[in-house]
Amino acid sequence: MGPMSEPGKAEGIMRRASCPGCGEPWLRPTQIPGRLRCVYCLRRFELVSQCPNCGEHQTIARMSTTEDMTCQTCGDSMLRPV
């Protein structure tokens, strides 16, 4: 039964958001909505509605998955260091 559960485990890890600072998939939400912290490098980030790279605006209410943390226009991260 072990080999059957391993692909699911690896797949779950791959869906975690990568830290914009260190690149590791260890971003976790904090108690403050819209704030995340990397448990690997301990940096904190805030999910913003205006892309720090190109300035395009997105609706934060729709940002619920890791794909939503990237700008739909330029593909850069919608997370800014706090």
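In what order do the strands of the open sheet run, and is their pairing parallel or antiparallel? The order is 1-2-3-4 across 4 strands, and the pairing is antiparallel. Keep in mind as you look around that this is a predicted model.

Let's stay with the sheet for a moment. Strands of a sheet pair through backbone hydrogen bonds, either parallel or antiparallel. Here, strand 1 (27–29) and strand 4 sit at the edges with a single partner strand each, so one side of each has no neighbour in the sheet. Going from one strand to the next, the twist averages 35 degrees.

Now step back to the chain as a whole. It holds 1 helix and 4 strands, and if you walk along from the N terminus you meet them as α-β-β-β-β. Of the 82 residues, 20% are buried. The accessible surface comes to about 5,900 Å², and carbon and sulfur atoms own 52% of that. As for long-range contacts, take those with a separation of 6 or more: 30% of them are between residues 24 or more positions apart.

Back in the sheet, zoom in on the pairing of strand 2 (residues 35–38) with strand 3, which is antiparallel and runs over 3 bridges. One residue to pick out there is Glu46, which has its place in strand 3 (residues 44–47). Glu46 is the bridge partner of Arg35. Leaving aside residues up to four places away in sequence, Glu46 touches Gly34, Arg35, Met78, Leu79, Arg80 and Val82.

Two of those contacts deserve a closer look, and they bring us to the charged side chains. How many salt bridges does the model have? The count comes to 2. In one of them, Arg35 pairs with Glu46, and the closest N and O atoms are 3.9 Å apart. The cut-off for a salt bridge is 4 Å, worth remembering when you read that 3.9 Å distance. Arg35 lies in strand 2 and Glu46 in strand 3, so this salt bridge ties together parts that are 11 residues apart in sequence. So Arg35 and Glu46 are linked twice over: as bridge partners in the sheet and, because a side-chain nitrogen of Arg within 4 Å of a carboxyl oxygen of Glu qualifies, as a salt bridge with 3.9 Å between the closest N and O atoms.

The other salt bridge joins the side chains of Glu46 and Arg80, at 2.3 Å from N to O. This pair links distant parts of the chain, with Glu46 in strand 3 and Arg80 in strand 4, 34 residues apart. Since they share partners, the salt bridges join Arg35, Glu46 and Arg80 into one network. The Glu46 and Arg80 side chains also make a polar contact, again listed at 2.3 Å.

Are the two arginines buried or exposed? Neither, quite: Arg35 has a relative accessible area of 29%, so it counts as partly exposed, and Arg80 is partly exposed too, because its relative accessibility is 37%.

For a contrast, move out of the strands to Gln58, in the loop between strand 3 and strand 4 (79–81). With a relative accessible area of 10%, Gln58 is buried, because the cut-off for that label is under 20%. And what does the Gln58 side chain reach? It comes to 2.6 Å from the backbone nitrogen of Gln72.

Methods:
Residues are numbered from 1 along each chain as its sequence is written. This is a predicted model: local features need pLDDT of at least 70, side-chain atom pairs count only at pLDDT 80 or more; totals for chains, interfaces and linings use all residues. Side-chain values use heavy atoms; hydrogens and water are left out. Helices (H or I, at least four residues) and strands (E, at least two) are DSSP runs, numbered from the N terminus. A polar contact is a pair of N or O atoms within 3.5 Å; within protein, one must be able to donate a hydrogen and the other to accept it, and residues adjacent in sequence count only if both atoms are side-chain atoms. Contact means heavy atoms within 4.5 Å. Buried means under 20% relative accessible area, exposed over 50%, partly exposed in between (1.4 Å probe, protein chains only). Two strands pair if DSSP finds at least two bridges between them. Axes are lines fitted to C-alpha atoms, for helices over the stretch in contact, and angles run from 0 to 180 degrees between N-to-C directions. Accessible areas come from the Shrake-Rupley method with a 1.4 Å probe; for residues, only the protein chains shown count as cover.
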